[in-house]
Amino acid sequence: MAENDTHLLNVEGIHKRFGGQDVLKGISVKAKRGDVISILGSSGSGKSTFLRCINYLEYPDQGRVVVDGEEILTKTGKGGMLVPADQKQLARLRARIGFVFQSFNLWPHLNVLENIIEAPMQVLKLSKKDAIERAETLLDRVGLADHRNHYPSHLSGGQQQRAAIARTLAMEPDVILFDEPTSALDPELVNEVLNVIGSLAEEGRTMLIVTHEMGFAREVSNQTMFLHEGKVEEQGSPDKMFNNADSERVRTFMASHIH
Amino acid sequence: MIDLHGFEGLLLQGTIVTVKLTFTALALGLVLGLIGATAKLSDTAIFRWMGNSYSTLVRGLPEFLVVLSFYFGASHVLMMIAAKFGYDEYIEVSGFVAGFVALGFIFGAYASELFRGAIIAIPKGQAEAARALGMSSFQTFFRITLPQVWRIALPGLGNLFMILMKDTALVSVVGLEELLRVTAFAVGRTKEPFTFYLAAAVIYLVLTSLASFGLRHLEKRASTGVRELAS
């Protein structure tokens with residue numbers, strides 16, 4: 001699989017059907033190191049499903065995902081779906097693709113520190129001491145140093161999402177996928193999370209962000225793509241997307257979403 | 001105090017057998033319960049069918065009958081198997097083994113329903129987060145799912161545990177010298193049924209009270225971090 005591909009993440013032609021409905025009709029995206037790509041579109045356009053297909057939380061029906069030159073191995077399963085052919089390989093690649101969920105998904109039986117050190121210890125086989133050291137640096141960075149011993153249920157939504165971001169960063173992933181990271185938050189808590197994500201963009205992290213925060217998307221990303229009914233409606237620089245998109249649909253969407 | 005006519009030692013021995021029987025059956029029952037729950041939630045139809053048949057069967061039969069079946073059935077089956085290898089002697093399964101297997105089998109059937117419900121009650125995102133970080137399905141089950149299943153299932157398991165402790169008395173029928181059987185023996189010798197059955201009742205109450213005290217402690221520990229959700 002020695003393909004000459006300078007892209008860190010190369011996703012090609014993802015198709016996905018849910019119960020006879022075509023949700024994704026062949027979506028591709030390529031990310032070079034340091035790219036911040038915002039994925040926009042109205043609800044039901046397939047943005048989140050696309051993101052979930054990239055690390056196989058959802059199994060696509062067609063397409064391929066290549067991470068740093070290594071393709072996720074698949075075979076055809078029931079109903080023509082692509083299923084992972086090698087769970088070990090998939091786990092190894094997933095560890096390199098961070099995923100931040102809309103609903104945080106912190107583990108409620110573990111405190112913040114334990115949430116962060118779990119995967120580095122289990123997956124990367126870090127010693128507890130090293131994992132804690134790594135976690136403390138990250139807690140500092142997301143502004144939760146004082147909350148390391150708190151359980152998720154004692155934190156606000158914004159704090160939970162920042163803890164979840166720290167948990168993802170602790171794996172030192174090559175790419176991070178954000179699935180509407182602020183959609184479940186009260187409006188006054190959105191900014192604290194966006195600031196953290198913005199600071200990650202500034203330090204050159206490679207990220208794909210599904211978001212409804214248009215101002216933020218425009219500010220942090222160097223590429224944008226707009227999905228509509230499972231297809232890419234338009235793709236390009238944020239400047240073009242927000243100011244003079246080719247697609248009438250995108251222009252209408254932008255007009256109603258930017259105030 | 002009541003005069004036990006020197007049968008204190010025997011009652012104590014009977015109590016110890018009852019406690020041993022309870023805990024061995026519990027251990028077996030928890031394992032069978034988890035296996036049963038996993039089978040019921042399996043993607044494979046045959047496993048689902050086996051898991052569901054297990055609880056349907058056990059829930060549909062009197063416990064007493066299950067205990068008898070294991071005691072007499074087990075020797076019968078073992079002898080049939082042994083005969084195939086040319087061994088024709090009579091094989092007896094001890095009352096203790098038959099009793100703990102039967103009670104564990106019963107406990108497991110009910111526990112599998114509890115575990116199944118608990119696994120379903122855990123939001124799917126919990127396991128997804130683990131898988132997305134590269135954890136294996138094995139790690140995800142034991143590190144993320146199981147500790148939470150435990151918390152959710154614990155009150156129900158406590159109930160089953162109490163019932164199990166009292167169901168051990170059924171095993172007296174196959175000659176195991178547990179608490180009820182030694183009590184009956186003492187009654188036969190002394191002709192003082194009231195004294196001894198009262199003593200046995202007190203001992204059962206002490207055991208169940210200790211158990212419910214222990215369970216409260218476990219529930220408190222298991223709900224760390226989710227206390228306000230649990231209350």
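This report describes the packing of chain A, its contact with chain B, and the overall make-up of chain B in a predicted model.

**Cores.** The largest nonpolar core holds 77 residues, and the members that touch the most others within it are I39(A), A166(A) and L177(A). Leaving aside residues up to four places away in sequence, A166(A) is in contact with I116(A), L138(A), L139(A), V142(A) and L144(A). Another core, of 41 residues, lies apart from that one and includes L34(B), V66(B), F105(B) and L157(B).

**Helix α1 of chain A.** Because 8 of the 8 residues of helix α1 (residues 47-54) of chain A are buried, this helix is largely enclosed by the rest of the structure. The buried residues run from K47(A), S48(A), T49(A) and F50(A) to L51(A), R52(A), C53(A) and I54(A). After α1(A) comes Y56(A), which has a positive phi, near 60 degrees.

**The contact between the chains.** Chain A contributes 21 residues to the contact and chain B likewise 21 residues. On the side of chain A that touches chain B, α2 (87-94) and α3 (112-122) of chain A each supply at least two residues. The residues of that side of chain A are divided by character as follows.

| Character of residues, chain A side | Number |
|---|---|
| Nonpolar | 11 residues |
| Polar | 7 residues |
| Charged | 3 residues |

**Chain B.** The secondary structure of chain B consists of 9 helices and 0 strands, and its C-alpha trace spans about 70 × 55 × 25 Å along the principal axes. Of the 231 residues of chain B, 35% count as buried, while 77% of its contacts with a separation of 6 or more are between residues 24 or more positions apart.

Notes
Residues numbered from 1 in each chain as written. Chains lettered and ligands numbered in written order. Predicted model: local features only at pLDDT ≥ 70, side-chain atom pairs only at ≥ 80, totals over all residues. Core = buried A, V, L, I, M, F, W, Y, C linked by C-beta atoms within 7 Å. Buried ≥ 20, exposed ≤ 12 C-beta atoms within 10 Å, placed from the backbone. Contact = placed C-beta atoms within 7 Å. Helix = DSSP H or I, 4+ residues; strand = E, 2+ residues; numbered from the N terminus. Nonpolar A, V, L, I, M, F, W, Y, C, P; charged D, E, K, R; others polar.
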